[in-house]
Amino acid sequence: MSRDEDINVVLTGNPNTGKTSLLNALTGMSLHVGNWPGKTVEKKEGCISYKNRTINIIDLPGTYSITPYSEEEKVSHNYLMAQTHAVIVQTIDVNALERNLLMTMELLALRKKVILAFNFNKEAERRGIRIDVPKISEVLQIPVVVIEANKGENKEELLEEILKAAQSEFQMPYYLQEMLKENYEIHHEISIRFFKEKLKPFYSIEKTIQRTDRIDEIILNKYTAFPIFLAIIFLMFEITFTLSGPLISAIRNIFDWMGGLVGFLKLPGLLSSFLSEGLLGGVGSVLAFTPLIFILFLMIALLEDSGYLGRTVVLVDPLFGKLGITGRTFIPMILGFGCNVPAIMATRTIKDRRERMIAILTNSFISCGARLPVYLLFAGIFFPKHAVYIVMLLYLSGISITFIASLILSRLLQSQTQNSLIIELPPYRKPSMTNVLKHAWYHTMEFLKKAGTIIFGSVLIIWTLASLPAGVTYGSAESVLGQLGHSISPLFAPLGFGHWSFTVALIFGLASKEIIIGTLGTLYGVGQGALISAIPTHITPLGALSFMFFVLLYTPCLATIAIIRQESGSWKCAVLQPIVTIAIAWLVSFSVYHVGLLFGFH
Amino acid sequence: MITTLNLIPTETAGIIQEITTDHVTKERLESLGLMSGVEIVFIRKAPLGSTRIYKCLNTLVALRNDIADKILVEVPDEQR
């Protein structure tokens with residue numbers, strides 16, 4: 001490698017070893033989050049300049065091994081194999097040095113230049129762990145840098161080692177040759193034996209004061225575990241909705257106000273409508289989502305960094321085990337109550353491919369925040385005394401159908417490996433606010449880029465269909481969309497909402513569910529207030545209940561479909577999921593309506 | 001004496017002798033440090049279900065019993 005070439009650094013390490021903190025500390029604001037090409041695995045990279053050298057830093061997924069079994073391990077393995085000159089930096093939680101070094105040995109077996117970044121040293125000291133770092137480095141014959149990733153300590157020292165390693169070639173440590181199984185593989189048992197014989201004298205656990213054990217006594221206690229769990233989940237949603245609510249309304253108001261301004265411009269009708277309904281409407285509905293998404297990701301990052309997330313998996317696992325999946329599905333599921341898009345993105349934490357597919361495909365049955373206004377309006381009009389129960393009924397039905405669908409899918413999708421719960425419970429740690437904020441920020445940006453363009457695009461398509469042929473009133477019965485609604489509305493007559501306006505509203509709902517109400521307002525030519533008297537002239541109470549069930553279950557919004565495509569990596573899923581869900585919605589609404597009729601409701 | 005991991009009493013340590021799961025599961029356990037020759041301690045039961053939490057190479061690992069009953073451990077007799 002010549003003096004002036006860029007240095008490629010690959011950052012790797014076990015989960016919960018502070019890899020993300022180190023990445024943040026090293027790359028600063030240059031961090032870029034995306035996906036590995038053609039993969040559903042997250043890719044983070046950054047580029048910095050140090051002593052006139054350009055250093056490209058690529059972050060590999062946090063894994064326990066690079067033996068290629070899971071998709072993340074395959075990505076890591078293939079990338080490492082292709083990078084012949086790269087410097088590998090492995091973050092190590094020194095509290096679990098022995099376990100962490102298993103992966104170091106795998107990297108060395110692949111003939112990689114490895115630098116170890118020892119993290120959580122102060123925590124280890126408190127826990128009574130004594131480490132002779134220079135000796136360990138000497139025995140391993142690889143450089144070791146002591147860092148505190150959260151505080152960015154010893155960053156310079158690490159960069160110096162990176163420069164040094166970049167100048168040199170890989171040197172096979174003397175002990176390694178005889179340990180290799182095949183040419184590039186190593187038995188974990190041999191690595192463990194090596195640790196016991198050669199490294200144990202320089203690493204001792206004197207006393208075992210374990211703060212984590214004491215916290216677990218309460219968090220995982222038979223009596224206190226579930227009350228604490230429910231309180232935390234409740235708080236999470238309470239905080240999310242309390243904080244994001246006013247922000248969402250503010251954003252909506254700003255865009256409504258700007259839409260109103262367009263009216264004063266005295267532009268030609270079509271242009272004016274394009275600006276207010278299409279452009280501003282589109283951008284507005286995308287931006288209105290962002291506070292909710294940001295805060296939800298913030299909450300999840302807090303739970304994850306504190307170590308509690310893994311405990312929730314263990315707590316709910318018995319229930320999920322009965323459905324043929326594991327507790328790992330729980331977090332994506334509850335995120336779905338906010339928005340299905342980040343929820344499906346969060347399925348990345350599910351290691352098992354089959355289980356992840358089930359979580360991706362069933363998530364849209366979880367009633368997202370955008371569907372709530374529809375329930376509130378309809379339940380408020382038709383069941384004013386029991387509105388709360390109706391809304392609860394809908395949410396619980398959504399959860400039940402998610403469970404049933406998971407059960408069916410887990411039977412349909414067979415797996416060669418035993419799908420059981422194997423999960424590390426990391427020590428409880430104080431979350432780093434910088435990390436948590438950055439995590440939320442990057443995922444919100446990713447949402448805006450991916451989902452934003454799609455929501456915006458679909459709003460524009462629907463605007464076009466609702467405005468053509470030229471001269472019609474926006475979204476009226478004469479527009480292309482209105483005619484479409486008219487022609488397929490008989491399909492919904494057996495469900496109790498055969499009036500064409502509901503069909504059109506449901507089509508609009510494909511862009512984003514909260515548009516449904518606004519659409520009905522536009523179609524009846526009335527504002528939000530007058531809707532309360534306008535809707536009952538077109539639908540019966542039982543029809544309204546059936547309609548709410550349909551809104552709960554039918555085809556997810558286009559942003560969700562796009563994210564299903566991205567995260568499943570399969571067009572088949574992205575096509576089948578919307579078709580199957582609309583069929584299920586039809587059947588359920590049909591049953592609700594006809595059972596209701598049998599019992600004499602109308 | 002030799003028993004399976006799901007049967008050892010709380011706070012008891014055993015040495016893993018053999019893992020009889022399928023190959024992929026075995027690899028996953030290995031990368032978490034669960035392999036023959038390694039000491040494992042049963043720490044606590046999860047509040048519900050068959051999941052139990054173990055300590056192995058100074059980290060906590062949660063396993064359902066359907067995996068733990070495929071892990072053979074030797075418990076030194078004086079501990080019993």
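## Exercises on chains A and B

In this predicted model, chain B runs through the pattern β-β-α-β-β-β-α-β along its sequence.

**Exercise 1.** State how many helices and strands chain B has, then judge its compactness from the radius of gyration.

*Solution.* Start with the elements: chain B has two helices and six strands. Next, take the radius of gyration, which is 11 Å. The globule rule gives 12 Å for 80 residues. The two values are close, so chain B is as compact as a globular protein of that length. Finally, look at the extent: the C-alpha atoms fill a box of roughly 35 × 30 × 20 Å along the principal axes.

**Exercise 2.** Describe burial, contacts and surface in chain B.

*Solution.* Burial comes first. A residue is buried when its relative accessible area is under 20%. Of the 80 residues of chain B, 59% meet this cut-off. Now turn to contacts between residues at least 6 apart in sequence: 59% of them join residues at least 24 apart. Then the surface: chain B exposes about 3200 Å². Carbon and sulfur atoms supply 50% of that area.

**Exercise 3.** Find the separation between the mean positions of the positive and negative charges of chain B.

*Solution.* Chain B carries 9 positive and 11 negative charges. Their mean positions lie 9 Å apart.

**Exercise 4.** Explain why helix α14 of chain A counts as largely enclosed.

*Solution.* The helix spans residues 353-362 of chain A. Nine of its 10 residues are buried, so the rest of the structure largely encloses it. Among the buried ones are A:R354, A:M357 and A:L361. The buried residues of α14(A) pack against α2, α13, α16, α23 and α24 of chain A.

How values were computed. Residues are numbered from 1 along each chain as its sequence is written. Chains are lettered from A and ligands numbered from 1 in the order in which they are written. This is a predicted model: local features need pLDDT of at least 70, side-chain atom pairs count only at pLDDT 80 or more; totals for chains, interfaces and linings use all residues. Side-chain values use heavy atoms; hydrogens and water are left out. Helices (H or I, at least four residues) and strands (E, at least two) are DSSP runs, numbered from the N terminus. The radius of gyration is taken over C-alpha atoms; the globule rule is 2.2 Å times the number of residues to the power 0.38. Buried means under 20% relative accessible area, exposed over 50%, partly exposed in between (1.4 Å probe, protein chains only). Contact means heavy atoms within 4.5 Å. Accessible areas come from the Shrake-Rupley method with a 1.4 Å probe; for residues, only the protein chains shown count as cover. Lys and Arg count as positive and Asp and Glu as negative; His and the chain ends are not counted. The place of a charge is taken as NZ of Lys, CZ of Arg, CG of Asp or CD of Glu.
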